[in-house]
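This report introduces a structure to a reader who has not met it before. Please view the sequence and the model below before reading on.

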Amino acid sequence: VRKKLGKLKKTPAVTRDGVAIALLANIELPEDCAAAMDAGASGVGLFRTEFLFMGRGSASKLPSEDEQFEAYRKAVVAMKGRPVTIRTLDIGADKPLDMIEHNALNPALGLRAIRYCLAEPRLFLTQLRAILRASAIGPVKLLIPMLAHAFEIDQTLALIEQAKAQLRDAHKKFDGAIQIGAMIEIPAAALALPMFIKRLDFLSIGTNDLIQYTLAIDRVDHEVAHLYNPLHPAILHLLSMTIKTGERAGTPVSVCGEMAGDIHLTRLLLGMGLREFSMHPAQLLAVKQEILNSDLSQIEPYVRKILRSVEPGMIGDTVAQLQAL
Ligand code: PEP
Ligand code: MG
């Protein structure tokens with residue numbers, strides 16, 4: 001029976017055969033937590049902190065540690081004990097900063113996100129201290145964007161340790177056991193997953209960039225938008241492999257790209273083994289309804305067929321059949 005979506009707010013997201021699914025919200029500013037709570041999100045799966053830094057004008061300064069702490073604290077308080085996954089600055093490419101000159105010829109392949117933060121350790125440490133301080137208020141996880149290399153993970157972990165030492169010296173509180181995770185959004189990361197699993201606590205697949213980089217399609221270029229296909233067999237393999245490898249290793253894997261909020265893809269992702277979805281709050285209840293109406297044992301054979309197929313037409317047809325179940 002299909003209920004009105006609003007009525008599903010407090011209904012646990014469980015499949016018909018009893019498998020619990022975590023539905024989390026993507027936010028850009030602490031104020032978005034109201035919508036996340038309103039949709040019954042079980043936490044924030046992606047806080048895109050770059051929005052605290054954007055649109056301030058070229059003459060302005062970056063937000064200070066205290067200003068950032070205040071924003072992160074607000075989000076943690078608003079989520080009332082539910083976990084808040086805070087992603088470190090993901091600037092460059094489609095998210096430029098006014099106060100920094102961006103003039104790379106291929107910005108999506110340039111000094112963006114963690115690459116920028118590792119090149120500007122003072123800015124990165126400021127943000128890390130602000131996030132760590134928020135972890136003293138309630139459950140916080142740290143998420144790092146655009147990692148591809150082992151040394152980037154190691155440098156990031158060393159800087160997190162340095163930020164913790166600075167806070168200890170300043171007698172400021174934080175969660176010493178804060179969980180640290182990586183966005184899997186560069187194909188190399190998905191293909192070298194054990195390198196990440198060995199070093200980190202959790203993984204979150206950023207399908208927006210994973211599609212962009214796997215298919216070599218600029219995600220904001222309208223002229224190639226028709227080639228941006230989440231159902232390309234290469235994307236499906238990377239997704240399925242990442243979910244399975246994480247599961248085998250006992251490392252939690254979520255999807256926080258747009259695919260997680262697309263109800264046409266909910267059953268496909270469920271059938272691949274995904275148990276944690278993070279999306280815009282407006283999509284959450286519709287995805288929950290899909291989950292409530294889904295039976296994993298029924299879905300899985302279709303998904304196996306999809307993953308065996310290399311014919312886009314067949315994949316599209318089978319995804320449609322899945323949705324009609
Ligand atoms: C992604 O790449 O899928 C993602 C969630 O991050 P963003 O859209 O902010 O790059
Ligand atoms: Mg991304």
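## The shell around ligand 1

By class, the shell around ligand 1 consists of 2 nonpolar, 4 polar and 4 charged residues. Here Ala, Val, Leu, Ile, Met, Phe, Trp, Tyr, Cys and Pro count as nonpolar, Asp, Glu, Lys and Arg as charged, and the others, Gly among them, as polar. The residues around the ligand are Leu-46, Arg-48, Asp-90, Glu-185, Gly-206, Thr-207, Asn-208, Asp-209, Cys-256 and Gly-257; each has its C-beta atom, placed from the backbone, within 6 Å of the molecule. Two elements, β2 (44-48) and α9 (207-215), give two or more residues to this shell, and α9 gives the most, with 3 residues. Helices (H or I, at least four residues) and strands (E, at least two) are DSSP runs, numbered from the N terminus.

## Basis of the model

This is a predicted model, in which local features need pLDDT of at least 70, side-chain atom pairs count only at pLDDT 80 or more, and totals for chains, interfaces and linings use all residues. Residues are numbered from 1 along each chain as its sequence is written, while chains are lettered from A and ligands numbered from 1 in the order in which they are written.

## Contacts of Val-44

Leaving aside neighbours within four places in sequence, Val-44 is in contact (C-beta atoms, placed from the backbone, within 7 Å) with Leu-24, Ala-25, Ile-27, Cys-33, Ala-36, Ala-75, Met-79, Val-84 and Thr-85.

Methods. Two residues are in contact if their C-beta atoms, placed from the backbone, lie within 7 Å.
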